[in-house]
Amino acid sequence: MVEDEPALREMLRLSLEGQGFAVRTCADATQAWRSLGEELPDLLLLDWMLPDVSGLDLLRRLRREEPTRELPVILLTARGEEEARVRGFAAGADDYVPKPFSPRELAARIRAVLRRAAPHVAGGRLAYAGLVLDPAAGRVTAHGREVTLGPTEFRLLHFLMGHPERAFTRSQIVNRVWGSAAEVEERTVDVYMRRLRKALGPTGHDRLVQTVRGVGYRFDPAGEGA
Ligand code: CA
């Protein structure tokens, strides 16, 4: 959440945490830009009127840059008029919530955007090329046959399938799969990737988990040669 008004920021943070969201807050666009470079959230709540760069300009910049191009963004704003809404959507907002709004409404909008844009977060089933991951059942099948995965490999695959065609660095993967507080060495990621590929190997789905030279890993649903 990027919101410069401390009281509103704190109120929203507490309310969203109370509804089960993990919230990271920033007070301006500069802080937000730095924070996004460290770790990508599942969704960004972005205030339009910020003290340095406007939320709208930050949004346009996010849409131009590779890692944040697809990041779900909800614009928060006191500007309710149609003209402002149109500009918000044109800049790439997934939703637009005029102030004042109730925290419950905001939470509902967040869930709706996540269901559309990031089904892995909303708990939906993911399926590519005969590989199916069901988060609710904690189960993975490949062409209908159960794939046995350890809990870490399962979370790793869940994360990758939830963000197809995007390359992630090992440190981004550590943050998202193990958590930002985890003390996990980057080569541990390679160890679990090897295990994951081995488990997916018999049906050829290991080819969907690709190494991106100089970057890290990517899930490619088309999986060259798969
Ligand atoms: Ca503001």
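Start by selecting strands β8, β10 and β9: in that order they make an open sheet of 3 strands with antiparallel pairing. Keep in mind as you look around that this is a predicted model. The edges of the sheet are β8 (167-169) and β9 (209-212), each of which pairs on one side only. From one strand to the next, the twist averages 35 degrees.

Now zoom in on β9 together with strand β10 (residues 216-219), where 4 bridges hold an antiparallel pairing. To see one of these bridges, pick Val-209, whose partner in β10 is Phe-219. Then add α9 to your selection: this helix packs on the sheet and touches β9 and β10. The direction of α9 makes about 145 degrees with that of β9.

Stay with helix α9 (residues 186-200) and bring in helix α7 (residues 151-162); their axes come within 9 Å and cross at roughly 85 degrees. That crossing makes α7 roughly perpendicular to α9. Which residues of α7 and α9 meet here? Show the side chains of Thr-152, Glu-153, Leu-156, Leu-157 and Leu-160 in α7, and you will find them meeting Tyr-192, Met-193, Arg-195, Leu-196 and Leu-200 in α9.

Next, travel to strands β4, β5 and β6. Strand β4 (residues 126-128) is antiparallel to strand β5 (residues 131-134), and the two share 3 bridges. Here Leu-126 stands opposite Leu-133 in β5. The hairpin of β4 and β5 has 2 residues between the strands, and Ala-129 takes a positive phi near 50 degrees.

Follow β5 onward to strand β6 (residues 139-142), which runs antiparallel to β5 and is joined to it by 4 bridges. Select Leu-131 and you can find its bridge partner, Ala-142, in β6. This hairpin has 4 residues between its strands, and Gly-138 in the turn has a positive phi of about 60 degrees.

For the last stop, select helix α1 (residues 6-18). At 1.5 Å a residue, its 13 residues should span 18 Å, and the end C-alpha atoms are indeed 18 Å apart. Color Leu-8, Arg-9, Leu-12, Arg-13 and Leu-16, the buried residues of α1. Because they cover an arc of only 130 degrees around the axis, they lie on the same side of α1. What do these buried residues pack against? Show β1 (44-47), β2 (73-77) and α5 (103-117) to see their packing partners. Turn to the other side of α1, and there you meet the exposed Pro-6, Ala-7, Leu-14 and Gly-18. Just after α1, finish at Gly-20, which takes a positive phi of about 95 degrees.

Notes:
Residues numbered from 1 in each chain as written. Predicted model: local features only at pLDDT ≥ 70, side-chain atom pairs only at ≥ 80, totals over all residues. Heavy atoms only, no water. Pairing = 2+ DSSP bridges. Expected span 1.5 Å × (residues − 1). Buried < 20%, exposed > 50% of the residue type's maximum accessible area, 1.4 Å probe, protein only. Arc of directions from axis to C-beta. Contact = heavy atoms within 4.5 Å. Axes fitted to C-alpha atoms, helices over the stretch in contact; angles between N-to-C directions. Parallel < 35°, antiparallel > 145°, perpendicular 65-115°, else oblique.
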